[in-house]
Amino acid sequence: MSGTTPADVVCLGESMVTFLPSRPGRLADVPSFARGIGGAESNVACALAAAGHRAAWVSRVGADGFGDHLVEAVAAYGVDTSFVRRDPSRPTGIYFRTATDRATDVHEVAYYRAGSAASAMSPATVPADGLPAGRILHLSGITAALSADCLALLHELTAPRVGRPLISFDVNYRPGLWRGESAGVLLELARRADVVFVGEDEAESAWGVVGAAAIREALPEPGVVVVKRGADGVTMFSHEPGLRPGPRASNAGGAEEVTHVPALRVDVVAPVGAGDAFAAGFLSATLRGLPVRDRARHGHLMAAAVLTVPGDLTEPPARERADRLAALDDDAWGRLRLGPGWTGDDTEVRTT
């Protein structure tokens, strides 16, 4: 895909070089690390490109070796990186993490991203009229936490305007990144979006809102709100299921559809990257005009592909295979159990 070819999805946000531990344990005890890449928005772009969509990643990286590695690694998935700018005076962000689940108390992350090239994204350095054309613009709350300039950029990109693409927003609340007030900022951005992904746990932490129905009440404007409920699956509220951008004043004008889709049973290899993969699967199915239930099922399948490999990214299941699984009746869907290697075309999918 070239920089002049319209994208299906444009993903904007910081990516960093991540250092993955060679063994479990405290960062103080890990003797060596393997280099990888990490970034919510670029993860979504890579997964969508691997699934056959035209995806573009917009960001800033340093004029350094880590920046070279990031751009080359993301481009290797088929993502258009021609809108990534190099900053000669600011470095590419890096971080180290432990091997444990980020939801546990023993998980550690050491960020070295203050003053990074991506934190200098702003309406001046990333003008809205300079973005690649795309049907969907995918953003996350992580970008809003990086700097006042980044927050100003998100305000500009989510503002109502003629020709605005459908805005997909993953709340991605990361308390450790915020130095000031976050609740109102994230709530405002989410309410300006068309499709919102938010976990029940993060809604409670960020907004003090408990339960899927209360989350929908706090977010009345978006056409689709996807509430992620961990092992219980997702609950979706939708009143405009098509690919129709533009925020509404409220959802009162259309009939509300509430859909619950159970999570899959997965033999987890590494509990990282599932949220980004779910968003990619959901957006992929949205681009294809699939029903809301099937969008969530494709999200679960994409997440299962990542959960059954060691890293944040992997080759997704073939579209035909994913379509067959997403079309199963509720009983058959509930009996699926996916383990390592399940995405292979000749691999038998287990049921219980």
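These are my notebook entries on two sheets, one strand, a cavity and two single residues in this structure.

**Entry 1: the model**

I am working from a predicted model. I kept that in mind for every entry below.

**Entry 2: the eight-stranded sheet**

I began with the strand order. Eight strands form an open sheet, and I read the order as β4-β1-β9-β10-β11-β12-β13-β14. The pairing is mixed. I then looked for the edges. They are β4 (55-58) and β14 (257-261). Each has a single partner strand, so one side of each lacks a neighbour in the sheet. From one strand to the next, the twist averages 15 degrees.

Next I checked the β4 end. Strand β1 (residues 7-12) runs parallel to β4, and four bridges join them. I picked out one pair there: L12 has V58 of β4 as its bridge partner.

I also looked for a helix against this sheet. Helix α4 (residues 148-158) lies across β1, β9 (134-140) and β10 (166-170). Its direction is at about 145 degrees to β9.

**Entry 3: strand β12**

I went on to β12 in the eight-stranded sheet. How many of the residues of β12 (224-228) are buried? Five of five are. I sorted them by face. V224, V226 and K228 lie on one side, V225 and V227 on the other, and all are buried. K228 is the entry I underlined in that list: a lysine among the buried residues of β12.

Then I took the two neighbours in turn. Strand β11 (residues 195-199) is joined to β12 by five bridges, and the two run parallel. F197 stands opposite V226 of β12. On the other pairing, β12 and strand β13 (residues 234-238) run antiparallel, again with five bridges. V227 has T235 of β13 as its bridge partner.

I finished with the turn. The hairpin of β12 and β13 has five residues between the strands. Within that hairpin, G230 takes a positive phi near 65 degrees.

**Entry 4: the four-stranded sheet**

I turned to a second open sheet. Which order do its four strands follow? I read β3-β2-β7-β8, with mixed pairing. The edge strands are β3 (33-38) and β8 (109-112), each pairing on one side only. The twist averages 25 degrees from one strand to the next.

I followed the pairing at β3. Strand β2 (residues 16-21) and β3 are antiparallel over six bridges. T18 has G36 of β3 as its bridge partner. Helix α2 (residues 65-75) packs on this sheet. I found α2 touching β2, β3 and β7 (94-97). The direction of α2 makes about 65 degrees with that of β3.

**Entry 5: the largest cavity**

I searched for enclosed space. Rolling a probe the size of a water molecule over the atoms shows where empty space is left. The structure holds two cavities of 30 Å³ or more. I took the largest, with a volume of about 70 Å³.

I listed its lining: N43, A47, G273, D276, A277, M302, A305, V306, D312, L313, T314 and P316. By type, seven are nonpolar, three polar and two charged. I then asked which helices supply the lining. α1 (40-50), α8 (274-287) and α9 (292-307) each give at least two residues. α9 gives the most, with three.

**Entry 6: H298**

I stayed with α9, since H298 is placed in that helix. Is H298 buried or exposed? The relative accessible area is 9%, so I logged H298 as buried. I noted contacts beyond four places in sequence: H298 touches G281, A285, R288, L290, A322, D323 and A326.

**Entry 7: T343**

My last stop was a loop residue. T343 is found between β16 (336-338) and β17 (350-351). Its relative accessibility is 22%, so T343 counts as partly exposed. The buried class ends under 20%.

I checked what T343 touches, leaving out residues up to four places away in sequence. The contacts are A305, E315, P317 and R321. A305 had already come up in my list for the cavity lining. I also took one distance. T343 and D330 are 13 residues apart in sequence, and their C-alpha atoms are 21 Å apart in space.

How values were computed: Residues numbered from 1 in each chain as written. Predicted model: local features only at pLDDT ≥ 70, side-chain atom pairs only at ≥ 80, totals over all residues. Heavy atoms only, no water. Buried < 20%, exposed > 50% of the residue type's maximum accessible area, 1.4 Å probe, protein only. Pairing = 2+ DSSP bridges. 1 Å grid on protein atoms, 1.4 Å probe; cavity = no way out; pocket = protein on both sides within 12 Å on 5 of 7 lines; lining within 4 Å. Points joined across faces, edges and corners; volume = space filled by probe spheres on them. Nonpolar A, V, L, I, M, F, W, Y, C, P; charged D, E, K, R; others polar. Axes fitted to C-alpha atoms, helices over the stretch in contact; angles between N-to-C directions. Contact = heavy atoms within 4.5 Å.
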